[in-house]
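Student: I have a model open on my screen and would like to talk it through. Could you help me read its strands and rings?

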Amino acid sequence: MLPLKMLRFKHIYYLSMRFYHPGVKGSDFLWYQLDNCSNEDQVLDLVGKNKAKLAVMHVGRATELLWQFQKEKPQILRSIDYIRNHSQFMVLRVLAENKIDQMDDETLVDMLYNALRLNVEPHDSLVQQLVMEAWGRIERFGMPMLSKFAVCLTDQHLYHSPLMGEIADIVSRKLESIYDARILSSLMLSISALISKCFRNRLIEKAEFLLDTGYTSQFNNSRRIVQFLRNVKFSYRPLLEKCNAIFLQSIKGLDADNISIILGVYQSLHFNNCDFRLAVKWRLIELINTQTDPTSFVRLFAVLGPLSGTVVRKRLESAALLMVEEFSPSQTLAVIETMAEMECRNPQLIQQVASTLSNHLDMYKPLDAAKITQALLSLHCQKPELYAELRQMLIRYLHVSVVPYEISMLTRVLSQLPSPRTDHLIPARIDDVLPQCNLSDLNAFAIAITKWVRNGSSYQPSTAAVHVKLLQKLNMCGLERLQKANDLDLLLEELKYVGGEWFEEVLAEETMASFERLKGQITWSNVAELALFLTKTNCLHTGLLDQIASVTLQHINKIHFSATYAILLPFNVFNYDPPQAEDLFESCVQRSRPHFNAFDPHLLVLFGYSLALASYFPEDLIRTIFSVNFLAKLDSQLDSNVSIGPVQQQIHEILGQLLGGSNYVKAAVFTPYYYFTDFECVLDKHRKPIPYVDQNTVFLSKNGREPWRPDKEFLEEKYLPPGGERVVIEFLNAKAFCKNSHHIKGEAAMKKRHLEILGYRVIQIPHFEWNSMELSTKDAWIEYLKQKIFAE
């Protein structure tokens, strides 16, 4: 046995010596020359002159230097294409491929990493050979090397590959050995497509531990962690808040790219932080003068535009107008999307960007074309010839696409274009993919098809019949998908962006039946999302609300404090008290009380308002909201806009006739404490109307001596004629009532209570009364209002 052992030892010794060359780097003149290169051309020139002398370590070092020089340059000054196409770089690639079996593990992974950074294609034989060799050695990789290799696979979009699955398995087995947040966050992001909920929770727990123990303060680690949460669609607030705190500490080091990534992740996770938004706004304003080339400017424009006020927006729009002709196709797309988000109304910029887009149309992919069309329509761009081109593009892409989401988006956008006819092949394409579609895709199809049916039936009866048949099949697919749903979390995810007429008429009832069937899956982690969805449906379902209340009371300490607003919202909006209502409200307030100062200002106001709907007024919450610091913080977020709808205009006209003229009634009135009301009038003690002199500011009292002004303490008796009363008339649309009944919701009920406390008589006009058959004539409406206003 001894000779065999000696042979094995000898083999291992020589194998290890093949990768170990003590002092070789220090004494190797070629290595010395590489280390003294100051740019890419010197490296490539050295490679060309020493092809026959390059050992594996020289090849690795030369490739590393080429990427290092590029990485140190701003994006706009990089010359990666020049390097990739250089003849001596081709030599390096051939040498590297021939020496793969001589590379140690670190050189192997570094070579793959650097080659991908230099845009060597994933299908290139060098990359493929490096990946296969690394796969064979993967079990012996340390965590830093495994992390780097996982990043290389991510660069090649191998998110769901068996190889990535092996990496996920290794991470699961060795998770406790990871104490570097950089390594952990990279691995989390790479394997995010392949993990279970249990593994997800273990990774989150480990990330929280590393952040809590202070092993990291680098914002890149936190950025990868929030990207991981976005990928797994899990808005875990404690970890988000820890990462957000690191972002705030690092605000001076954040550039427009990182800010854009973070804000995009926050938006997808429905996470908003006032402090971060304000901080990045000022950080981006600081960067305006430094972003002078198209690439950096577009990044800044895309992030700062939607956050900025009028002055900064005009400045950004003026700068964009000066360089619009220099924008690349992708940059032009980013600009037009941002302009739509900003609701830009600069006609010159809109026309210039549209003209640039028309020059690049053949460069855009299907979803790009859909986004461009959507943006141009929202900006009210007047370019019929461009819309005609886009329509043809959308139809061409629809004919060849096989991706349900892509087809649904193309169809939805196509239906918005002003064209009377639809391509006869489109219904067939939709029909092919319906069984594969989720509820969100089906909703998009329903919107488009319904529009085509309504617009096309008069001049295309045969096509309209096809659309009606397709709509019936679509309805059947939607109902079947709901009936087969067996996971509440997945169902809520599908329903997140579903709404509107199709949902209300076809899916609403079956959706509630599915929720009832899956009621046992309501947990502390999804209770807030379900509560928000029920509020959005505007339907009162007491059984579901009772279960929400029960789960909340059982697990209140596990629920994030900010979720208490969403949980209580349907109870308050629907004006419904579940069993143990007092315990529910008290538990939610107690859970939130230590964190009032951590709420975003607008959310805390909404929370207080929601509680007020239920006549619940925590004293410490009110003190917090009316503190000077809080109000100053809130002021930075406020934006107010008032408009009067067509029904209110109709009622205003009738009130003028009934009361004796338009000067007897005021429309769109702000009351004390800033309630907005539809109409206001004043009656004397004999119930006779008293006129306003100025519709906006002044009302004359009975004796004509004391004007009534809204900005004074006008509720005191001396500002009204003796025995007089102030009357508010409110039109209540369908949103003021539960959808499945005439049960008035909490907001309208509370508003009436508050206005009556302030001394008003409140008349509410339900939409189902005003729009009833009994009130179908002008005389009937006048008599209806007369009874409401003047009856004892």
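**Strands, rings and confidence**

Tutor: Happy to! In this predicted model, strands S2 and S6 are paired antiparallel through five bridges. Ask away.

Student: Which residue of S6 stands opposite Leu683?

Tutor: Start from S2, which spans residues 676–683, and look across to S6, its antiparallel partner. There, the residue facing Leu683 is Glu725.

Student: And which residue of S3 stands opposite Leu683?

Tutor: S2 also runs antiparallel to S3 (residues 689–690), with two bridges joining them. These two strands make a hairpin with five residues between them, where Arg687 has a positive phi near 65 degrees. Opposite Leu683 in S3 you will find Pro689.

Student: Which residue in the turn between S1 and S2 has a positive phi?

Tutor: S1 covers residues 666–670 and is joined to S2 by four antiparallel bridges, with Ala667 standing opposite Phe679. The two strands form a hairpin with five residues in between. The turn residue with a positive phi, about 65 degrees, is Tyr673.

Student: How many residues of S2 are buried?

Tutor: S2 has eight residues, and the strand is mostly covered. The buried count is seven.

Student: What about S7: which of its residues point the same way as Tyr760?

Tutor: In a regular strand, side chains alternate between the two faces of the sheet. S7 runs over residues 760–766, and seven of its seven residues are buried. Arg761, Ile763 and Ile765 point one way, and the other way, along with Tyr760, point Val762, Gln764 and Pro766.

Student: Through which helix does the chain cross from S6 to S7?

Tutor: S6 (residues 725–732) and S7 run parallel and are joined by seven bridges, with Glu730 opposite Gln764. The chain makes a right-handed β-α-β crossover between them. The helix it passes through, residues 746–757, is H38.

Student: Now the rings, please. Why is the pair of Tyr266 and Phe271 edge-to-face?

Tutor: It is one of 16 aromatic pairs in the structure. The ring centres lie 4.7 Å apart, and planes over 60 degrees apart count as edge-to-face. The Tyr266 and Phe271 pair is edge-to-face because its planes stand at 75 degrees.

Student: Which residues form an aromatic cluster with Tyr266 and Phe271?

Tutor: Both Tyr266 and Phe271 are buried. Completing their cluster are Phe247 and Phe276.

Student: How many residues apart in sequence are the parts tied together by Phe515 and Phe533?

Tutor: These rings have their centres 5.6 Å apart and their planes at 85 degrees, so they too are edge-to-face. Phe515 is buried at 1% relative accessible area, and Phe533 is buried at 6%. Phe515 belongs to helix H29 (residues 501–517) and Phe533 to helix H30 (residues 527–537), so the parts tied together have a sequence separation of 18 residues.

Student: Over which ring does the charged end of Lys148 sit?

Tutor: There are charged ends over rings here, including that of Lys281, 6.0 Å from the ring centre of Trp282. For Lys148, the distance to the ring centre is 4.7 Å, and the ring belongs to Tyr113.

Student: Lastly, how many contacts does the model have for residues 694–718?

Tutor: The average pLDDT is 86, and 90% of the residues score at least 70. Residues 1–24, however, stay under 50, with six contacts beyond four places in sequence. Residues 694–718 are also below 50, and their contacts beyond near neighbours in sequence number 49.

Key
Residues are numbered from 1 along each chain as its sequence is written. This is a predicted model: local features need pLDDT of at least 70, side-chain atom pairs count only at pLDDT 80 or more; totals for chains, interfaces and linings use all residues. Side-chain values use heavy atoms; hydrogens and water are left out. Buried means under 20% relative accessible area, exposed over 50%, partly exposed in between (1.4 Å probe, protein chains only). Two strands pair if DSSP finds at least two bridges between them. A crossover is right-handed if, with the strands pointing away from the viewer, the path from the first strand over the helix to the second runs clockwise. Rings of Phe, Tyr and Trp (its six-membered ring) pair if their centres lie within 6.5 Å; planes under 30 degrees apart count as stacked, over 60 as edge-to-face and the rest as tilted. A charge sits over a ring if NZ of Lys or CZ of Arg is within 6 Å of the ring centre and within 35 degrees of the ring normal. pLDDT is the predictor's confidence in each residue, from 0 to 100. Contact means heavy atoms within 4.5 Å.
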